[in-house]
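Here are some notes for a colleague who is opening this entry without having met it before. Please read the points with the sequence and the structure side by side.

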Amino acid sequence: MEANISLKTGTAAGTLLSILPNLHSEDIAKTIILAVLGAVVSFTATLLLKMLTKTNKK
């Protein structure tokens with residue numbers, strides 16, 4: 001089946017426009033804060049695991 005860019009664009013735009021009225025500024029702020037927190041925890045865990053594996057190899 002051939003991919004139709006117009007169909008994909010229309011579906012994405014329709015989904016976005018149907019979600020947009022239900023978003024509130026508190027939800028957006030909460031999402032941003034949780035995303036930043038998740039990134040920091042992931043980065044910290046990666047650094048910790050790298051340090052642990054380097055000390056075990058020596």
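1. L23 is partly exposed in this predicted model, because its relative accessible area of 42% falls between the 20% under which a residue is called buried and the 50% over which a residue is called exposed. As for its place in the chain, L23 sits in the loop between α1 and α2.

2. L23 also belongs to a nonpolar surface patch of about 830 Å², which is made together with L16, L17, I19, L20, I28, I32, V36 and V40. The elements that give two or more residues to this patch are α1, covering 5-19, and α2, covering 25-57, and the largest share, four residues, comes from α2.

3. Turning to the chain as a whole, the protein has two helices and zero strands, and buried residues make up 0% of its 58 residues. The chain exposes about 5,500 Å², of which carbon and sulfur atoms supply 72%.

4. The helix α1 has 15 residues and spans 21 Å from its first C-alpha to its last, which is close to the 21 Å expected at 1.5 Å a residue. At the N-terminal end of α1, N4 acts as the cap, with a side-chain oxygen that lies 3.2 Å from the backbone nitrogen of S6.

Key: Residues numbered from 1 in each chain as written. Predicted model: local features only at pLDDT ≥ 70, side-chain atom pairs only at ≥ 80, totals over all residues. Heavy atoms only, no water. Buried < 20%, exposed > 50% of the residue type's maximum accessible area, 1.4 Å probe, protein only. Areas by Shrake-Rupley, 256 points an atom, 1.4 Å probe, with all protein chains shown as cover. Patch = residues over 30% accessible without salt bridge, like charges linked within 9 Å, V, L, I, M, F, W, Y side chains within 5 Å. Salt bridge = Lys/Arg side-chain N within 4 Å of Asp/Glu carboxyl O. Expected span 1.5 Å × (residues − 1). Polar contact = N/O pair within 3.5 Å; in protein donor to acceptor, adjacent residues only side chain to side chain.
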